[in-house]
Amino acid sequence: MIKAVVFDLDHTLFDRHGTLKYLVPSLRKEFSVNEKMTDEEIGNLWCYADDSFVYSGWENIWGYLSDKGVFSVTPPFEDYCAFIYKYFACTAVSFPETVPMIEKLRSLGYKTALITNGYHELQYSKIKMLSLEEHFDEIIVSGDYDIFKPDRGIFDIMRKKLGFEPEEMVYVGDNPVNDIEGARSAGWKTMWMRSTGYWDSNIKRADREVDTVSEVIKAVQSMEE
């Protein structure tokens, strides 16, 4: 029986594509950007790069944007990273279904929680911007423990906080390694959010797969059957 549903944050509970597209004018403000490209073209390239390289590092995203001519003058990689930290700390576009979905789970008797990789200041700034904090029974930012997904240790900490057995918990996330393989190694059930469309063929598929947060409740209930 499932007793707790625990979520990843980035690419799972908020609209990362929408956030990137929203930040294109800020990208133009901070850097020398190709004036012949429209905001839509840049946003689409940025989203494609984020989907393709987010798991292999920001340097590959920065390099892709440079190769595609987004920058008139390519900024140093360190400056690109500083831009991401600056604007992701104050900008996040939510999925309108996220909070209603979490609250419906809670009304059905499930505990809800969050495990996100990253560091306290940046990740909590997103959580607060998205008004998510009050909707979780527990929140873990991995940097606070110096244990990062896919290390099963971070999942074990959450399990002990909530007080359930591993098989009574399901983890919902987009990253095949950090989220799905990590949770599985801790004995949890798993649900893959297909927000990036990327799957590592060397990894066993998740117990359930969904395309949007609105599908999570039905998928969780199907695990009870």
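In this predicted model, cysteine 47 has a relative accessibility of 5% and therefore counts as buried, the limit for that class being under 20%. Its sulfur lies 18 Å from the closest cysteine sulfur, which belongs to cysteine 90, and this separation is too far for a bond. Cysteine 90 is likewise in no disulfide, since the cysteine sulfur nearest to it, in cysteine 81, is 16 Å away. A disulfide is a covalent bond between the sulfur atoms of two cysteines. With a cut-off of 2.5 Å between the sulfur atoms, the count of disulfides is zero.

Cysteine 81 also takes part in the packing of two helices. Helix α4 spans residues 58–67, and α5 covers residues 77–88. The axes of α4 and α5 are 10 Å apart and form an angle of about 110 degrees. Because angles of 65 to 115 degrees fall in that class, the two helices are roughly perpendicular to each other. On the α4 side, the residues that meet α5 are Trp58, Glu59, Ile61, Trp62 and Leu65; on the α5 side they are Phe77, Tyr80, Cys81, Ile84 and Tyr85. By class, the residues of this contact comprise nine nonpolar, one charged and no polar.

Tryptophan 58, a residue of α4, illustrates this contact in detail. Beyond its neighbours within four places in sequence, tryptophan 58 touches Arg16 as well as Phe77, Tyr80, Cys81, Ile84 and Tyr85. Its relative accessible area is 23%, so tryptophan 58 is classed as partly exposed. Between tryptophan 58 and threonine 91 there are 18 Å from C-alpha to C-alpha, at a sequence separation of 33 residues.

Helix α5 is also a partner of α7. Within α7, which runs over residues 120–129, the buried positions are Leu122, Gln123, Tyr124, Ser125, Lys126 and Ile127. The buried residues of α7 pack against α5, and also against strands β2 (111–116) and β3 (138–141). After α7 comes serine 131, with a positive phi near 55 degrees.

The discussion now turns to the nonpolar cores. In soluble globular proteins, nonpolar side chains tend to be buried together. The largest nonpolar core here has 29 residues, and the members touching the most others are Val5, Phe7, Leu13, Met101, Met191 and Val216. At least two residues of this core come from each of β1 (4–7), α6 (98–107), α7, β3, β4 (169–173), β5 (189–193) and α10 (216–222). The largest share, four residues, is supplied by α10. Phenylalanine 7 shows how such a member is surrounded: leaving aside neighbours within four places in sequence, its contacts are Leu13, Met101, Ile102, Leu105, Ala113, Leu114, Ile115, Phe136, Tyr171, Val172 and Val216. Apart from the largest core lies another, of 26 residues, which includes Leu20, Cys47, Ala49 and Cys81. Cysteine 47, the starting point of this account, is thus a member of that second set.

One loop remains to be described. Glycine 187 sits between α9 (176–185) and β5. With a relative accessibility of 37%, glycine 187 counts as partly exposed. Outside its neighbours within four places in sequence, glycine 187 is in contact with Pro166 and Glu167. The C-alpha atoms of glycine 187 and glutamate 167 are 6.1 Å apart, although 20 residues separate the two in sequence.

Methods
Residues numbered from 1 in each chain as written. Predicted model: local features only at pLDDT ≥ 70, side-chain atom pairs only at ≥ 80, totals over all residues. Heavy atoms only, no water. Buried < 20%, exposed > 50% of the residue type's maximum accessible area, 1.4 Å probe, protein only. Contact = heavy atoms within 4.5 Å. Axes fitted to C-alpha atoms, helices over the stretch in contact; angles between N-to-C directions. Parallel < 35°, antiparallel > 145°, perpendicular 65-115°, else oblique. Nonpolar A, V, L, I, M, F, W, Y, C, P; charged D, E, K, R; others polar. Core = buried A, V, L, I, M, F, W, Y, C linked by side-chain atoms within 4.5 Å.
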